[in-house]
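Reader: Hi! I'm new to reading protein structures, and I'd love a close look at one part, the place where two domains meet.

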Amino acid sequence: MKYIVVSGGVISGAGKGIVASSAGLLLQSKGFIVTTIKIDPYINIDSGTMSPLHHGEIYVTDDGGEMNLDLGNFERYLSTTLQRDHNITTGKIYQDIISKERVGDYLGKTVQVVPHVTNSIQEYIEQTAKIPVDESQAEPDVCIIELGGTVGDIESSPFIYALSQLRKRVGRENLVQIHVAYVPVVPPGASGEQKTKPTQRSISDVRSAGLSPLLVACRCETALDPGTIQKIANMCSMESEQVISVHDGPTTYHVPLLLEKQNLLGILCEHLELPLDRTPTPRIEQGRRMWKDWVHLVRNHDTITDTVSIALVGQYTSNKDAYRSVSKSIEHAAMYCHKKVKIVWIDAAHLEDETYQNSPVKYHKAWHDIHSVQGIIVPGGFGTRATGGMIEAIKCARSNKKPFLGVCLGMQLAVVEYARHVMGITDAGSQELHPESNNHVIICMPEHNQEYGSSTMRLGKHPCIFKEDTDWSKLRSLYGPTITQIEERHRNQYEINPAMVEKLEKAGLTVVGKDTTGKRIGIVEIRDHPFFVGVQFHPEYLSRVLRPSKVFLGFFAAAAGCLEKIPTALEQGKRSLVEEY
């Protein structure tokens, strides 16, 4: 097994996840099987109980793991299938150690950070790295480990020590490190000077902690000047080839191309003793095709001028990372349709009358934006905040024939809106949001215990079966006439009241998909509408750069006016609507 550790310095959020994912993509392009592990030093067991406003979205895997959002980057770039074990936290490690201590596994020894915690981290990494991540079920060749936070954080110390020890155990030829550091420009702007001191200090810190970076990936607004590269190399005792410029580009999807141009792959393979020239195999050919498709898609995107505006109406729009997978899924769909996308972020609370009383400017701007966009999406969420505004946005999309997609809570509120304004059930509501209502069209799932919060959610991948006589469905047409069942990832506690389904369908809100029991509703759709779809699952978790979610693709294509072309393009296996290359 070969390991690549990606660490960060200077500031957090500099782009470790994108650099790690891009390195993995380049290795995949040569036919190597790549897996990934994200280390988060926080004490939480997982991300499930964290606030999206502070931490960003909670990413869900097939097996129901509630993960750090960076795991989504890995799956989107590498088209792999990760598990809950691919996210290591301090909480997980200590939970395992304390459990062993309580049953006497340590035979009375004093349990300490070194060696017990650090050994446990190494064992966890080595075991997880062997887990298959694609349909071949073969053991991966390379494991990319992203160390969360920044080097120097007290929480990271045990993990840094463990990684240093792992390097000694597996050998220098089997573990290399990429350190991502931020290079500020002072003063900001085109005429500013690129400052190297923070990067020098960061490299010094990581070395003093016991690691030795092979490469330093410098995040910066513009490409590093030759003099800046040489200065970093000299001050950090590196060759200039070991200093990689990761500067801003049109999209983050350009980063793999940028790294490939600077020979990142060649340097990694040389030090890890991975052969680049191998006899072609189906996997190697697949890697070459994948890379060709990626380059084609990204470069074609640079030539696009037509822009489609999409309103994302949510509860947590002050932190755009709360909807990372949703926004990326919209981007994937836009690239497929050969369009650019402008996401208009709307705080749903600004659509409510209360905002009009307190801040009429925000209120009128939000409503202007809603009427100006070409499509509206209402994503998932929790709690009562801003749900009134989300209902108003849904009503606008339905009544004005504007393409609409409701995900999880967005779907549930679409049902509430329909029941109130089409069926005339004025007090229709959700058991979660409107406990005082006498007509709950949304109810608590049987296995969800409200006293235990998210621990009783429906999580992970579950099947959804298309109903008969739904060939008219715009969403179903994207899957092809032979597909009767799909599988998508869930994260929900509430669902449509089965007792209301018949009344909803008679009124025109049709059930398109159900679970295997035939009781749980997975998809609803309005027939006489350009595109009005609600899904109980989270299709954003399975959207990939080269394989967009069909749910998001259908929604975006309807907003872009090209929905009728999509089924044929998908049937022909095209990566995008542009001409074959």
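Reader: Which residue forms a salt bridge with Lys-461, and how far apart are the closest N and O atoms?

Author: Happy to help! This is a predicted model, in which local features need pLDDT of at least 70 and side-chain atom pairs count only at pLDDT 80 or more, while totals for chains, interfaces and linings use all residues. Residues are numbered from 1 along each chain as its sequence is written, and side-chain values use heavy atoms, with hydrogens and water left out.

Your partner is Asp-62, and the closest N and O atoms of Asp-62 and Lys-461 are 3.3 Å apart. A salt bridge here is a side-chain nitrogen of Lys or Arg within 4 Å of a carboxyl oxygen of Asp or Glu. Across the interface of domain 1 and domain 2, five salt bridges are found.

Now the setting. The domain assignment (automatic or from a database) gives domain 1 as 2–296 and domain 2 as 305–572. Their C-alpha centres lie 34 Å apart. Domain 1 brings 28 residues to the contact and domain 2 brings 27, where contact means heavy atoms within 4.5 Å.

Together the two domains bury about 2300 Å², with 52% of it on carbon and sulfur atoms. Buried area is the accessible area (1.4 Å probe) that two parts lose on being put together, summed over both. Asp-62 appears here again: with Arg-76 and Tyr-253, Asp-62 supplies 30% of the area that domain 1 buries against domain 2, more than any other three residues.
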